Amino acid sequence: MILIKEKHIGNEIFFEKIITSDKGELCSEIRYRSVILEKESKNYFVIYTPLMTIHSNAFSFINFFKSSHADNSRIKAQQALKLLFSYEKIIGKELAAFIPTDITNLKYFLHGYSPRGQVIQLELKTNRSNQTVNSYLSIYRQYLSYIGV
């Protein structure tokens, strides 16, 4: 059984993955960090992977493709992509390889539904509105187009 728990530290959301088997429990953390760096009076939006490397595609997408957008719009893109990358890590697939069931489950994940499946169980705390979920899905479509998928 795999249990995914949503955790919070301040405004940061991350996930704890607990795998239970006959041999015991194995815990790991799925944590993408985001920061806004200012250089020469310009804000740069950075997403760090769990290994603390910069996610280069996300960096380029937010800071160059969306450079004409307001900072709040770019912050929303940053938050949306962090959730996408977390979900990809949880299910072990990249967005380009998602099948329709994965997309439906991504929507449930974004809404904050906590289904209890036979293999994966989610304990999510954050509920998002339809409007927020739809805006995140729009960002994902733009991101896929940007990376050429």
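This tour moves through the structure one selection at a time and says what is found at each stop.

The model is a predicted one, in which local features need pLDDT of at least 70 and side-chain atom pairs count only at pLDDT 80 or more, while totals for chains, interfaces and linings use all residues. Residues are numbered from 1 along each chain as its sequence is written, and side-chain values use heavy atoms, with hydrogens and water left out.

Begin by selecting residues 71-91, which make up helix α2; helices here are DSSP runs of H or I with at least four residues, strands are runs of E with at least two, and both are numbered from the N terminus. Helix α2 has 21 residues and reaches 30 Å from its first C-alpha to its last, close to the 30 Å expected at 1.5 Å a residue, where the expected span is 1.5 Å times one less than the number of residues. Just after α2, select Gly92, which takes a positive phi of about 75°.

Within α2, go next to Leu83, which is buried at a relative accessible area of 7% (buried means under 20%, exposed over 50%, and partly exposed in between, with a 1.4 Å probe and protein chains only). Not counting residues up to four places away in sequence, Leu83 touches Phe15, Phe109, Leu110, Arg128, Tyr136 and Tyr140, contact being defined as heavy atoms within 4.5 Å. Adding Tyr32 to the selection shows a residue 51 positions from Leu83 in sequence and 8.3 Å from Leu83 in space, C-alpha to C-alpha.

Phe15 is the next stop, and its contacts beyond four places in sequence include Ile4, Ser28, Ile30, Leu83, Ile90, Phe109 and Leu124. Phe15 is also among the residues with the most contacts inside the largest nonpolar core, which has 32 residues; such a core is a set of buried Ala, Val, Leu, Ile, Met, Phe, Trp, Tyr and Cys residues joined through side-chain atoms within 4.5 Å. To see how that core is assembled, colour β1 (2-9), β5 (42-48), α1 (56-65), α2, α3 (100-111) and α4, each of which supplies at least two of its residues. The largest share, eight residues, comes from α2.

Then select Gln121 in strand β6 (residues 120-123), which is buried with a relative accessible area of 14%. Setting aside neighbours within four places in sequence, Gln121 is in contact with Met1, Ile2, Leu3, Ile4, Pro115 and Arg116.

Finish at Tyr146 in helix α4 (residues 130-146), which counts as partly exposed at 32% relative accessibility.
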